[in-house]
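Grab a pencil and work through the exercises below. Each one sets a task and then walks through the solution.

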Amino acid sequence: MNFVCNKDDRSGVYPNAMETIMQESVDSERVAEWVREHGGAVRGYLRGIVGRQDLIDDLFQEVFFRAWQGRWRYEERGFARSYLLQIADWAACDRFRRTKSETSLGDEVWSIEEPAATAMNPAVLASNSETTNQLDAALRQLGPIQRRALLLRYFGQLSFSEIAETIGCPLNTALSHCHRGLQTLRKHFEGGEP
Amino acid sequence: MNEEQRKLREIVERATAADDFPPDELDAEAASLRKGWLQLGRLIEEDVRSGGKHPGSRHVASGNPSRVKVAPPASRSRQPKWSFWLVAFAASLLVAAGVAFGLRFMNGVHGPQQDSLQVTRGNDPAKQPTEHATTPKPESASKVGPETQVANSGDAMQWGDSVDDDITAVGQATIYAQQDAYAQSSGAWGIQAGLNELKQEMELGNL
């Protein structure tokens with residue numbers, strides 16, 4: 001793994017107040033740097049997993065809040081993105097577990113709840129919408145685990161061992177999910193539904 | 001990890017690698033898989049550039065637009081019904097308990113204290129400094145309350161009566177009664193003893 005957990009508690013790590021304050025400042029800067037450098041990847045991953053913009057915003061904040069809470073246990077090894085993406089994956093899965101009993105509103109209600117932006121150029125809007133629709137169509141072809149595995153690989157460049165650990169399956173299973181997902185994407189982009 | 005798994009890992013790693021591989025370094029399967037991977041990456045990058053805030057993006061999570069799920073307001077409004085009645089019941093219990101406690105408190109404060117106040121006013125001149133410190137006027141004497149009149153009438157004791165004589169008399173009467181009781185019990189004991197003696201003599205044949 002690229003990061004380890006320090007089992008010491010907070011009081012044991014920083015014995016006096018001045019050190020604690022200085023460490024707080026360092027930690028704040030580090031989390032701010034995480035947001036700057038890896039915020040896009042985290043948002044992209046969440047967008048691929050949950051899709052809905054309101055959920056993405058909520059989960060994005062939750063990821064960095066959890067990262068801030070866990071900063072005492074984090075030791076920098078230079079791979080913060082994989083750490084953040086794992087938190088994002090846990091947060092997204094946790095959210096899906098909690099929202100199982102929800103029901104569909106349908107597109108008509110959504111068009112009322114989330115009206116289309118009118119400030120953009122219609123041509124740009126149409127182009128963006130086309131891209132988004134293509135991406136959505138491609139991701140819809142993937143199973144949930146395939147999607148998680150491939151997006152973790154894309155946004156975090158996680159090794160397959162890390163992906164297997166994040167998803168919670170054996171390495172060979174993670175490899176199989178990725179392979180089948182890639183085959184599905186190939187068939188989809190070649191023109192036909194798999 | 002056997003050979004097949006190692007090969008699978010190599011194919012997937014190469015197909016999804018961040019670095020650009022020359023096509024001749026990839027085998028046929030890895031190259032074909034990488035095309036799809038790069039196409040997906042292109043779409044993601046364009047979507048990120050466009051902000052990804054389009055109506056279609058919300059369908060990705062469930063994989064099917066018909067499965068997009070949002071909590072309906074109706075289900076939220078159903079939940080508080082029973083809790084509302086529970087809270088209302090608890091509130092009514094609290095109010096009833098408060099009223100009961102208040103009534104008891106009122107009775108405890110006004111009832112007994114009023115009585116004791118009446119007794120005090122009726123019997124103890126020390127508690128009535130205004131009436132005894134100054135010369136009572138005929139009007140004020142005629143304004144004595146009904147409870148005071150009741151307390152002063154009949155055989156009720158007056159302040160300054162000699163209670164000691166009564167106590168002494170009661171004490172002596174008590175002593176006399178005790179002596180009578182002892183005498184009666186001793187008499188009964190003597191009769192019983194005599195009867196026992198007669199019985200013994202009859203058994204011995206003396207009589």
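A residue counts as buried if 20 or more other C-beta atoms lie within 10 Å of its own, exposed if 12 or fewer, and partly exposed in between, with C-beta atoms placed from the backbone. By that rule, 11% of the 207 residues of chain B are buried. This is a predicted model, where local features need pLDDT of at least 70, side-chain atom pairs count only at pLDDT 80 or more, and totals for chains, interfaces and linings use all residues. Residues are numbered from 1 along each chain as its sequence is written, and chains are lettered from A and ligands numbered from 1 in the order in which they are written.

**Exercise 1. Describe the make-up of each chain.**

Step 1: Find the elements. Helices (H or I, at least four residues) and strands (E, at least two) are DSSP runs, numbered from the N terminus. Chain A has nine helices and zero strands, while chain B has eight helices and zero strands.

Step 2: Look at burial. In chain A, 33% of the 194 residues count as buried; for chain B, the figure is 11% of 207.

Step 3: Check how far apart in sequence the contacting residues sit. Two residues are in contact if their C-beta atoms, placed from the backbone, lie within 7 Å. Take the contacts in chain A between residues at least 6 apart in sequence: 70% of them join residues at least 24 apart. In chain B, residues 24 or more positions apart make up 30% of the contacts with a separation of 6 or more.

**Exercise 2. Work out how helix 4 and helix 7 of chain A pack.**

Step 1: Know what to look for. Two packed helices are described by the angle between their axes and the distance between the axes. Axes are lines fitted to C-alpha atoms, for helices over the stretch in contact, and angles run from 0 to 180 degrees between N-to-C directions.

Step 2: Read off the values. Helix 4 (residues 80-98) of chain A and helix 7 (residues 144-156) of chain A have axes 10 Å apart and pack at about 150°. That makes the two helices roughly antiparallel. The cut-offs are these: angles under 35 degrees are roughly parallel, over 145 roughly antiparallel, 65 to 115 roughly perpendicular, and the rest oblique.

Step 3: Find the handedness. A crossing is left-handed if the near helix is turned anticlockwise from the far one by less than a right angle, and right-handed if clockwise. Helix 4 of chain A crosses helix 7 of chain A in the right-handed way.

Step 4: Name the contact residues. Helix 4 of chain A brings A:Arg81, A:Ser82, A:Leu85 and A:Asp89, and helix 7 of chain A brings A:Arg148, A:Leu152, A:Phe155 and A:Gly156. They split into three nonpolar, two polar and three charged. Here Ala, Val, Leu, Ile, Met, Phe, Trp, Tyr, Cys and Pro count as nonpolar, Asp, Glu, Lys and Arg as charged, and the others, Gly among them, as polar.

**Exercise 3. Follow helix 7 of chain A to its end and beyond.**

Step 1: Ask how covered the helix is. In helix 7 of chain A, 10 of the 13 residues are buried, including A:Arg147, A:Leu151 and A:Phe155.

Step 2: Step past the end. Just after helix 7 of chain A comes A:Gln157, with a positive phi of about 50°, although A:Gln157 is not a glycine. A:Gln157 lies in the loop between helix 7 and helix 8 (160-167) of chain A. This residue counts as partly exposed because it has 16 C-beta neighbours inside 10 Å.

**Exercise 4. Describe where helix 9 of chain A meets helix 1 of chain B.**

Step 1: Get the geometry. The axes of helix 9 (residues 171-189) of chain A and helix 1 (residues 3-15) of chain B come within 10 Å and cross at roughly 50°, so the two are oblique to each other. Their crossing is left-handed.

Step 2: List who meets whom. From helix 9 of chain A come A:Asn172, A:Leu175, A:Cys178, A:His179 and A:Leu182, which meet B:Gln5, B:Leu8, B:Arg9, B:Val12 and B:Ala15 of helix 1 of chain B. This contact has six nonpolar residues, three polar and one charged.

Step 3: Look at burial in the helix. Among the buried residues of helix 9 of chain A are A:Leu175, A:Cys178, A:His179 and A:Leu182.
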